[in-house]
Structures are given as C-alpha cells and as structure tokens.
Amino acid sequence: MEKDGCAVEQLLKIKDLWSWETRRISEGEKGPLVAAFARLRVYLSPERTAQSERWLLLRNDATGEIKYALSNAPRQTRMRELVRVSGARWPIERCFEEDKSELGLDHYEHRSWTAWHRHMRLVFLAQLFLVRLQIKFKKKRPR
C-alpha cells in the first residue's frame with residue numbers, strides 16, 4: 001500500500017482487503033432492506049496517528065452501487081453497531097430534504113449564528129406541527 005494514501009476506488013480493487021457481510025438495514029414497505037457491508041481501519045494523515053484513525057464503512061446495495069462513509073468509532077466497535085448507525089442517517093437526510101423543499105430550510109439569509117439557529121428551530125417546529133397534523137388526520141406522509 002502507498003504511504004501517501006489512495007482513493008477508496010483504489011482500495012476496492014484489492015479484493016483481499018474486504019470481508020463482506022450481508023446485513024438487514026431496516027424494514028421496508030416490501031420487506032427487509034438488505035445490503036452487504038465491509039469495513040477497514042484507515043488513516044486520514046500520512047503520520048498514522050491515533051487521532052487520524054477511522055473506520056471506512058462500505059455499503060453495497062442490491063443495485064451494485066457502493067457507498068462509503070468514515071466513522072470515528074473506536075476500534076472495538078462491532079460491525080452491527082456501525083451498520084445500525086449508518087442506517088440511522090437516512091431518515092435524518094430525508095427530513096432535511098423535505099424541510100428544504102417544503103418548508104424553506106434553505107431560504108435563510110442570516111449573518112449571525114443566533115439568527116441561523118432561530119431559523120432552523122422554526123423550520124423544525126413547523127415540520128413537527130405538520131407531522132402531528134398528518135398523524136391526527138391519518139394522512140400518509142408524502143414520499
């Protein structure tokens with residue numbers, strides 16, 4: 001391996017590095033969502049210090065698309081926990097997408113940290129209000 005590092009795409013070509021495990025991510029409308037996961041300890045700097053050590057987590061979906069993320073979880077973290085936490089990101093990302101398209105999350109023109117936080121808080125409160133109305137009137141949330 002190069003001392004200066006390499007791209008994830010280069011690492012993927014080294015088949016002996018990867019031990020893929022199939023894991024259930026969550027329960028979908030059509031049954032369980034399943035993907036293959038692999039992980040590898042990597043360093044973000046050439047010095048290879050403890051502070052620059054991370055987990056590189058790869059996810060191979062049914063489509064064959066490989067996604068990856070870095071995690072600063074400790075070395076002893078189990079694969080099951082890395083998969084669980086990586087799956088928890090999806091609802092949060094969907095929430096932000098909905099807030100941007102429907103509630104104006106991205107329409108802020110503030111120059112201070114306090115004003116930005118107030119805007120975010122109001123958008124999230126508006127989303128909570130709408131979700132509670134949907135639940136109350138048993139309307140299915142838009143996709």
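**View 1. Asp61 and its contacts in the loop between E3 and E4.** In this predicted model, Asp61 touches Ala35 and Lys67, once its neighbours within four places in sequence are set aside. You will find Asp61 in the loop that links E3 to E4. Is Asp61 buried or exposed? With a relative accessible area of 15%, Asp61 falls under the 20% limit and therefore counts as buried.

**View 2. The hairpin of E3 and E4.** Step back a little from Asp61 to see the two strands that flank its loop. Strand E3 covers residues 53-60 and strand E4 covers residues 66-71; the two are antiparallel and joined by 6 bridges. At the turn end of the view, Asn60 stands opposite Ile66 of E4. Between the strands of this hairpin there are 5 residues, and Gly64 has a positive phi, near 90°.

**View 3. Helix H2 and what covers it.** Helix H2 takes in residues 79-102, 24 residues in total. How far does H2 reach from its first C-alpha to its last? The distance is 36 Å, close to the 34 Å expected at 1.5 Å a residue. Look for the buried residues Met79, Leu82, Val83, Glu98 and Asp99 along H2. Their cover includes strands E1 (21-28) and E2 (31-43), together with E3, E4 and helix H3 (113-136). After H2 comes Gly104, with a positive phi near 80°.

**View 4. Helix H3 and its buried residues.** Here the end C-alpha atoms of H3 are 35 Å apart, which agrees with the 34 Å that its 24 residues should span at 1.5 Å a residue. Which residues of H3 are buried? They are His119, Met120, Val123, Gln127, Val131 and Gln134, and these buried residues pack against H2. When you follow the spacing along the helix, it helps to recall that an α-helix has 3.6 residues a turn, so residues three or four places apart point the same way. H3 is followed by Lys138, whose phi is positive, near 55°.

**View 5. A nonpolar patch on the surface.** Four side chains are worth picking out here: Phe129, Leu130, Leu133 and Phe137 form a nonpolar surface patch. Together they present about 380 Å² of accessible area. Leu130 belongs to helix H3. Why is Leu130 counted as partly exposed? Its relative accessibility is 36%, which lies between the 20% limit for buried and the 50% limit for exposed, so Leu130 is placed in the class in between.

Technical notes
Residues numbered from 1 in each chain as written. Predicted model: local features only at pLDDT ≥ 70, side-chain atom pairs only at ≥ 80, totals over all residues. Heavy atoms only, no water. Pairing = 2+ DSSP bridges. Helix = DSSP H or I, 4+ residues; strand = E, 2+ residues; numbered from the N terminus. Expected span 1.5 Å × (residues − 1). Buried < 20%, exposed > 50% of the residue type's maximum accessible area, 1.4 Å probe, protein only. Contact = heavy atoms within 4.5 Å. Patch = residues over 30% accessible without salt bridge, like charges linked within 9 Å, V, L, I, M, F, W, Y side chains within 5 Å. Areas by Shrake-Rupley, 256 points an atom, 1.4 Å probe, with all protein chains shown as cover.
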